[in-house]
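Here are a few short exercises to work through with the model open beside you. Try each task before reading its solution.

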Amino acid sequence: MLRNEGNLDRALRIIVGLVLLTLVFVGPQTYWGLVGIVPLATGLMGFCPLYRILGLNTCPMKSNS
């Protein structure tokens, strides 16, 4: 599978995604917290489509692209 995110990048995305998702249930309780699905999903998959468009790669391993 194609990867373009390093381990630190993935961990930060997962943490930020979970924090944003908790805003749906606690705190201001707005649906804007659902934006957290994007960094959570990209962190779990290890692939960011925007990184691909911009030509960025934080993964230390050779990419399959």
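A salt bridge here is a side-chain nitrogen of Lys or Arg within 4 Å of a carboxyl oxygen of Asp or Glu. Please keep in mind that this is a predicted model: local features need pLDDT of at least 70, side-chain atom pairs count only at pLDDT 80 or more, and totals for chains, interfaces and linings use all residues. Residues are numbered from 1 along each chain as its sequence is written, and side-chain values use heavy atoms, with hydrogens and water left out.

**Exercise 1.** Find how many salt bridges the structure holds, and work out how Glu-5, Asp-9 and Arg-13 are linked.

*Solution.*
- Step 1: The count is two salt bridges.
- Step 2: Glu-5 pairs with Arg-13 through their side chains, at 3.2 Å from N to O.
- Step 3: Asp-9 also forms a salt bridge with Arg-13, and here the closest N and O atoms are 3.1 Å apart.
- Step 4: Put together, Glu-5, Asp-9 and Arg-13 form a salt-bridge network. Side chains of opposite charge can pair when their charged atoms come close.
- Step 5: Place the second pair: Asp-9 and Arg-13 both sit in helix H1 (residues 7–22), four residues apart, or about one turn of the helix. Helices are DSSP runs of H or I with at least four residues, numbered from the N terminus.

**Exercise 2.** Decide whether Asp-9 is buried or exposed, and do likewise for Ile-53.

*Solution.*
- Step 1: Set the cut-offs: buried means under 20% relative accessible area, exposed over 50%, and partly exposed in between (1.4 Å probe, protein chains only).
- Step 2: Asp-9 counts as buried because its relative accessibility is 15%.
- Step 3: Arg-13 has a relative accessibility of 15%, so Arg-13 is buried. Glu-5 is buried as well.
- Step 4: Ile-53, in helix H3 (residues 49–54), counts as exposed because its relative accessibility is 69%.

**Exercise 3.** Locate Leu-40 and Thr-42, and list what Thr-42 is in contact with, leaving aside neighbours within four places in sequence.

*Solution.*
- Step 1: Leu-40 lies in helix H2 (residues 37–45), and Thr-42 is found in helix H2 too.
- Step 2: Leu-40 is buried because its relative accessibility is 17%; Thr-42, at 7%, is therefore buried.
- Step 3: With contact meaning heavy atoms within 4.5 Å, Thr-42 is in contact with Glu-5, Arg-13, Phe-47, Cys-48 and Pro-49, its neighbours within four places in sequence being left aside.
- Step 4: Leu-40, not counting residues up to four places away in sequence, touches Arg-13, Ile-14, Gly-17, Leu-18 and Leu-21.

Technical notes:
Helix = DSSP H or I, 4+ residues; strand = E, 2+ residues; numbered from the N terminus.
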